[in-house]
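Welcome! Here is a short guided tour for anyone opening this structure for the first time.

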Amino acid sequence: MLKRLRENKSSQGTLLISPTLVFMVGLLIIPLILTLIISFGKRSPDGNVIYTFGLHNYIRILGISTDCPGGQAVCFDPLYANILWRSLSLAFNSTVLVISLAYPLAYFIARAHPIKRNTFLFMVLVPLWTNFVIRVYAWMMLLRTQGVINSVLGWLAGLVGLPFTPLEMLYTPGAVLVGMVYEFLPFMILPIFTSLEKIDNSLYEAAADLGANPIRTFFRVTLPLSMPGVVAGTILVFIPVMGTFIVSDLLGGKQVILIGNLIQRQFLDARDPTFGSAASLILMAMTLIVTFFYTRKFGFGEEIVAA
Amino acid sequence: MNPYRRSLFIKIATVLVYAFLYTPILVLIVFAFNSSRTNVLFGGFITQFGPLIMDGSTVVQSPCGPFHWFCELGKNAEVMNATKNTLTIAIISTLSSVVIGTMAALALQRYNFKLKAFSQLSLYIPIVIPEIVMGIGILVLFSQVFTFLNGAFNLAGDSRLTLGLPTVIVSHIAFSVPFVTLVVQARLQGFDKSYEEAAMDLGANELTTFWRVTFPMILPGVLSGGLLAFTLSLDDFVITFFTTGPGSTTLPIYVYGLLRRIITPQVNALSAVWVLVIFSIVLLIQRLQSRTA
Amino acid sequence: MSEFAVELRDVVKRFPTPEGGEVFAVNHVTMQIKNGEFFSMLGSSGCGKTTSLRMVAGFEWPTEGEVYIEGVPQGHTPPFKRPVNTVFQNYALFQHMTVYQNVAFGLEMEGAGKQEIARRVGHALEMVQMTGMERRYPRQMSGGQQQRIALARAIVKTPNVLLLDEPLGALDLKLRKEMQLELKALQQKLGITFVYVTHDQEEALTMSDRIAVMSQGKVMQMGTPVEIYERPNCKFVADFIGTSNFMEGRVKSLESGRASVFVPPLNAEVTGFAAENVSVGDEVAISIRPEKIRLADKPALTQNCFEGTVVNTSYIGSDTRLHVDLNGMTMKVWEQNKISSLDPAAYYTVGQKVWLTLFPENTLVLPKE
């Protein structure tokens, strides 16, 4: 037995990979297939699934309705399309904002003295060790009408003798945006840092030698060479922002409903798992399509592992 | 040219971004010492030690003094239970995913087998699909399988299969394995087969070779993979949210529940403890790594 | 005990290609390596030399044929059960172990006692002049030092056969030359068989008792350095080892090992030593080494003598290297500068007419392939 195993390198490999495959197939691939099957089904009155085959859930999400107020046969109901669009644009805005905050910091760390570099990196990670939910809570404390930011602003206004009405910041789209940026910022800093760190100093010298000023050097040398990091970071930020529901739940209240909240409600409040499954697959399709086109354009770096 | 030269713009941006990262955390920790129970405004520190005295919603005196809320936390059975669950899940899923992931990394880096390309690809799934998709997928799987099994075997009452600690643990292993594998694989990439061949050439069999040569070489990778799995598990909300049942509440789930009701500075105290504990674990692991690297 | 330390009998090794096909890494190789011999496998990368060595070590198993070590067929014996040890190209020193731990590793695997290990490790380090380095880590050492430790680690188990896979490849030229001599001395001192893989012909010629010249998975020629250099058996070996001039022609007659070959550009016959598998009527390559061509103002013989024009000269100190045009063929000729002179007239100049003499005993008639 042992001898046969020793001689067959291929079955050794299979043996080593099999537990992983069990998990990947059993808890990733089969669930996805099951989600797909259920998304074609119907909700039974007691909240269970009736297995049928129909595209009604997808038709509903895309906004094609047969229950029209004007009495037409078919009309467009933008409810879910709006949610999809809102999620997509929020993910896009968050990612852009995260890149613009992460890049200067990553650049700073990458060009810090090697001895200090690790400390600076460590400082990026520390906020991640508070819990995801707790980080949202911190922003609730800051943004509340009677929260820390308003208190500080009120105090400042008092100092110069201006009247001050507290700002309504919590439960707005802006609060959700800030929350998302805060949650995922470190996931952009790390890959950008990794790709910046790899750039050999002689390249900067060569660019300077060839007559490029610092700004041109940045746009012609630094930025292109750090694109793998930006791409990896974008994947690590864009995808979770698309799917997160706690941030919008706690910081957006009823104002900001994203596709994540929609899915969650189907499974817990509205109890229609078939519609929730369809929404979940639409979400997956959206992220995969964006990721696919994005990585095809810019390539898929190994930086994703570094983070 | 000085390689470490950075413009003023970069320096200012850096300070601002670090401030953005740290302000919420500092506020969080300061409020853990809040004398005001409602925790909306900072009512000052609790300065007096002694039997608990409340003035409305303000704590005037506490047996623990400024650490009043930390003591309250310790007395809170729900928190203690959630802590126990969180750690149980994190420890079991980390150990399992480290073993499974290291095996997978070795397989992918050292062997050729039929499903290699498929296996490698499947590891990227948890990275490229949103967590909620994975979470509800697993929920759907468990609920359908459990409904079927409960019906088929006529299970009722306590013997019914329901969501609970085991389902959470299994799900945590599933999302941790790819991360451990990729980290260990990256480490293995730096070593060619010749080290293992050298050990065998000197008379070590496969098992001895693994423990004496391969394992020490990949240990730093295994440790970072384990640390990653551990923090991912501790931090996870979404997957746990969908796979947890009554009695298997974790800290993030518990906090989420609180945030929708009343928040006392206990939550802040919990956050402060949390940061401190993970900070120490990470420092410890880094020490270990720098010693083995 | 077998006469041969290592024997490869009709060994074939095929590897699957990513496209689903197969490539021959080693193609029907037979080799006999004698006890106590310094044997080199020489060839360019991809010629099968390293794969052959790895099959002896047990890292690969032959697809067909059999590897014998001391007369014992190895089959699928794993490396840790074979009585051979290997010095790796990249040294493969365990980075997490000290020098002492590295060298002791093999003895530990044998289950040797602590004291015996200490004694033998000390002895092995002495052999490679690395005493005192026991507590260092490999990464704290230079390439040359690491090389010595790798050597000590392999010889500490006193194998009967030591396999060396381009062990000097990573060292700089000067260190490499020193180590060549040391390795040879060490082999003689230990009296064990060395199987040495290299792509450096000078290295192989300097150190080896016998050399197998390999190409595309096959052994082209096996013999002593002198045999390989002076009597290459085919055009490939003549070309691969050292420098040769080649002329092509057809064998007109063959008599007691001497062949007369008609060379069309010269419109004349050239006589030389015929290789074994050359027969009348064959298309052949005539090979002659540049240092073996005699240059003169006048013909020295009635045959094998041709007039040409110097097209290029370069003075390199010990020699003057010339290119001589011979009816459209460029011949390389190396003239030793035996007389010290500052007079330009003492040297050949470009455009000068010269006579080249190809002594038949220096001229080889080889199969063309």
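Helices α9 and α10 of chain A are oblique to each other, because their angle falls outside the ranges for roughly parallel (under 35 degrees), roughly antiparallel (over 145) and roughly perpendicular (65 to 115). Helix α9 (residues 201–209) and helix α10 (residues 214–243) of chain A pack at about 135°, with their axes 10 Å apart. Axes are lines fitted to C-alpha atoms, for helices over the stretch in contact, and angles run from 0 to 180 degrees between N-to-C directions. Helices (H or I, at least four residues) and strands (E, at least two) are DSSP runs, numbered from the N terminus.

This is a predicted model, in which local features need pLDDT of at least 70 and side-chain atom pairs count only at pLDDT 80 or more, while totals for chains, interfaces and linings use all residues. Residues are numbered from 1 along each chain as its sequence is written, and chains are lettered from A and ligands numbered from 1 in the order in which they are written.

Back to the helix pair: Leu203(A), Tyr204(A), Ala207(A) and Ala208(A) of α9(A) meet Thr217(A), Arg220(A) and Val221(A) of α10(A); contact requires C-beta atoms, placed from the backbone, within 7 Å. These residues divide into five nonpolar, one polar and one charged (Ala, Val, Leu, Ile, Met, Phe, Trp, Tyr, Cys and Pro count as nonpolar, Asp, Glu, Lys and Arg as charged, and the others, Gly among them, as polar).

Next, the meeting of two chains. The contact takes 76 residues from chain A and 71 residues from chain B. On the chain A side, helix α2 (residues 9–39) gives the most, with 20 residues. By class, that side of chain A has 51 nonpolar, 19 polar and six charged residues.

Chain C offers an open sheet of five strands, in the order β15-β19-β16-β17-β18, with antiparallel pairing; strands pair if DSSP finds at least two bridges between them. Its edge strands are β15 (294–296) and β18 (329–336), each pairing on one side only. Within chain C, β16 (residues 305–315) and β19 (residues 353–357) pair over five bridges, and Gly308(C) has Val354(C) as its bridge partner in β19(C).

Finally, two residues of chain C have a positive phi without being glycine. Most residues other than glycine have a negative phi.

| Residue | Phi | C-beta neighbours within 10 Å |
|---|---|---|
| His28(C) | near 50° | 15 |
| Tyr91(C) | near 70° | 23 |

His28(C), in strand β2 (residues 22–34), is partly exposed, whereas Tyr91(C), in the loop between β6 (84–87) and α2 (99–110), is buried. Buried means 20 or more other C-beta atoms within 10 Å, exposed 12 or fewer, and partly exposed in between, with C-beta atoms placed from the backbone.

Terms used
Contact = placed C-beta atoms within 7 Å.
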